[in-house]
Amino acid sequence: MTIPLQTVGLTKNYGGLCVTDAVDFSLEPGARHALIGPNGAGKTTFVNLITGVIPPTSGEIRSFGRDITNMAPRQRVKHGIARTFQINSLFPQLTTAENVALAITERTGAASRMFSRVERDAELERETVTLLEDLSILDMANKRIAGLAYGQRRMVEIAIALAVKPQILLLDEPAAGVPTNESRAIIELLERLPSHISILLIEHDMDLVFRFANKITVLVEGHVLLEGDCAQIRSDARVKEIYLGRRHG
Ligand SMILES: Nc1ncnc2c1ncn2[C@@H]1O[C@H](COP(=O)(O)OP(=O)(O)OP(=O)(O)O)[C@@H](O)[C@H]1O
């Protein structure tokens, strides 16, 4: 089986500053992989390179056997790569269902014009309901985004990323800024994500990382310090000193 996502010698320089330093990385089929590292380690830059928001200085990005290094961001979405953002991108006056339906419409676009309006609307509703049901957030369907708690909005953002039917999902700090009493629901939602989707989670909350991921890559100053399972990462002295030590000392 071809590898969903792979970077080879991926490098990004800003002037003299090397932010992504020859990163070799693989996301396996069905992965639950976390990318961790201290502030400024280059995690978001890495995601921006993968999604095509910024071009690399050198190196390659491959996905399912295809070189996507120079592919436009929209094409990468069509190719199956979706992401969530740290910044809220929802329409606050629309309901959860309307926000998700809009994202589905964007995906189906021209293809759906082959059907009549009634068929289209029925299919759109069916898919929206199924998606919300699968994530156990159907109770939020008719609520406006503006009236939702912050943690609930983060869950809708994940639903929207799923609306493009991705094969690869990049989650950029899905629990950032979410109060502790709401973060549990987010963790449970992450655990309900379809197993065939390969997921890369960027997260500072180590409890969430250890619960979600079975493989972890530690990025420090743009380069991969270490990669391993939760036990290997927990027990590594360098990781404790550089990153975990400050939080889990
Ligand atoms: N457009 C840019 N121009 C110059 N330097 C940049 C630019 N974007 C990012 N950087 C620098 O690259 C480094 C990595 O930033 P990045 O946001 O990728 O780190 P991060 O690991 O995601 O941090 P955090 O955990 O705080 O979100 C930082 O030193 C940052 O200042």
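Which residues does H79 touch, not counting residues up to four places away in sequence? The first legend below takes up that question, and the others move on to the rest of this predicted model.

**Figure 1. A close-up of H79 and its contacts in the predicted model.** Here is the answer to the opening question: setting aside residues up to four places away in sequence, H79 touches S63, I68 and M71. H79 itself sits in helix α2, which covers residues 73–79. Is H79 buried, exposed or partly exposed? It counts as partly exposed, because 15 C-beta neighbours lie inside 10 Å, whereas a buried residue would need 20 or more and an exposed one 12 or fewer. For another landmark in this view, look for F64: it lies 15 residues from H79 along the chain, and the C-alpha atoms of the two are separated by 9.3 Å.

**Figure 2. The shell of residues around the ligand.** If you would like to find your way around the ligand, these are the residues to pick out: Y14, L17, V19, G37, N39, G40, A41, G42, K43, T44 and T45. Which elements each supply at least two residues of this shell? They are β2, spanning 17–27, and α1, spanning 43–51. Helix α1 gives the largest share, with three residues. In terms of chemistry, the shell holds six polar residues, four nonpolar ones and one charged residue.

**Figure 3. Strand β6 and its partner β7.** This view follows strand β6, made up of residues 81–84. I81 and R83 point one way from the strand, while A82 and T84 point the other way. Are these four residues buried or exposed? All are buried, whichever way they point. Alongside is strand β7, residues 168–172, which runs parallel to β6 and is joined to it by four bridges. To see one bridge pair, find T84 and look for L171, its partner in β7.

**Figure 4. Stepping back to the whole protein.** After the close-ups, here is the setting they belong to. The protein has nine helices and ten strands. Its radius of gyration is 19 Å, close to the 18 Å that the globule rule gives for 249 residues, so the protein is as compact as a globular protein of that length. Taken along the principal axes, the C-alpha atoms fill a box of roughly 60 × 40 × 35 Å. Of the 249 residues, 37% are buried. Among contacts with a separation of 6 or more, 69% are between residues 24 or more positions apart.

Conventions: Residues are numbered from 1 along each chain as its sequence is written. This is a predicted model: local features need pLDDT of at least 70, side-chain atom pairs count only at pLDDT 80 or more; totals for chains, interfaces and linings use all residues. A residue is near a molecule or strand if its C-beta atom, placed from the backbone, lies within 6 Å of it. Ala, Val, Leu, Ile, Met, Phe, Trp, Tyr, Cys and Pro count as nonpolar, Asp, Glu, Lys and Arg as charged, and the others, Gly among them, as polar. Two residues are in contact if their C-beta atoms, placed from the backbone, lie within 7 Å. The radius of gyration is taken over C-alpha atoms; the globule rule is 2.2 Å times the number of residues to the power 0.38. Two strands pair if DSSP finds at least two bridges between them.
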